[in-house]
Amino acid sequence: HFKRGALAWIQLERHPYIVQARGVLSLGEQLFLGLEYIAPDEFGRNSLSQHLQSRVPLLRALRWAVQFCDAMEHARTKGVTPHRDTEPANLMVTHQGDLKVIDFDLAGVWKQAAAPAAIAQPQLNRQPGMTFIQGLDGDGAAGTRPWMAPEQFDGETSVQSDIYSFGVV
């Protein structure tokens, strides 16, 4: 799933509010994704989660919301949607104060992946901070629990799930 998601991210090409994925490199059995570097600011912050540790002015929050929507609309036009893991750690902030979406490796992957044989019960597979859900129909969804839309826990995801998650952010 990683390689398929990485290639979907790479197809997004350059966009001012998306961290650019440049390529996938295989070293032995390990795959690596080359990404645009977002340098930390003078306070050592480069993610929204770090910026949210202090008060964010309303105009800056609104500007970030518009930039997020612009990025996600671009991704949608390229067929890479929904994101499935919209959370503060996946939103970077540049030195210029622009928001950039990162971590498209979950976006649009589940529907394209070969579904495993039907299973008797939904499965929850947890990694630190992440929840992976496999539904009865073999479809799946993933995300970070505090920001997941309710339908994601049933293995359903859509653009509306991303809107919900961003609203929580």
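Helices (H or I, at least four residues) and strands (E, at least two) are DSSP runs, numbered from the N terminus. What you have open is a predicted model, in which local features need pLDDT of at least 70 and side-chain atom pairs count only at pLDDT 80 or more, while totals for chains, interfaces and linings use all residues. Residues are numbered from 1 along each chain as its sequence is written, and side-chain values use heavy atoms, with hydrogens and water left out.

Start with the whole chain in a cartoon view, where you can trace four helices and seven strands in the order α-β-β-α-α-β-β-β-β-β-α from the N terminus on. If you then colour by burial (buried means under 20% relative accessible area, exposed over 50%, partly exposed in between, with a 1.4 Å probe and protein chains only), 46% of the 169 residues count as buried.

Next, select helix α1, residues 2-10, and show the side chains of its buried residues, which are Gly5, Ala6, Ala8 and Trp9. They lie on the same side of α1, because they cover an arc of only 160° around the axis, the arc being that of the directions from the helix axis to the C-beta atoms. An α-helix has 3.6 residues a turn, so residues three or four places apart point the same way. Add β1 (21-27) and β2 (30-35) to the selection, since these are the strands against which the buried residues of α1 pack, where contact means heavy atoms within 4.5 Å.

Moving along the chain, stop in the loop between α1 and β1 and select Glu13. Although Glu13 is not a glycine, it has a positive phi of about 60°, and with a relative accessible area of 47% this residue is partly exposed.

Finally, select Phe68, Cys69, Met72, Glu73, Arg76, Thr81, Val159, Asp162, Ile163 and Phe166, which line the second largest pocket. A pocket is here an open set of points on a 1 Å grid over the protein atoms alone, with protein on both sides within 12 Å along at least five of seven lines, and lining residues have an atom within 4 Å of a point. Its volume, the space filled by probe spheres set on the points, is about 180 Å³. Colour α3 (58-77) and α4 (159-168), each of which supplies at least two residues of the lining; the largest share, five residues, comes from α3. By residue type, the lining divides into six nonpolar, one polar and three charged, where Ala, Val, Leu, Ile, Met, Phe, Trp, Tyr, Cys and Pro count as nonpolar, Asp, Glu, Lys and Arg as charged, and the others, Gly among them, as polar.

Definitions and conventions:
On a 1 Å grid over the protein atoms alone, a cavity is a set of points where a 1.4 Å probe fits but cannot get out, and a pocket is an open set with protein on both sides within 12 Å along at least five of seven lines; lining residues have an atom within 4 Å of a point.
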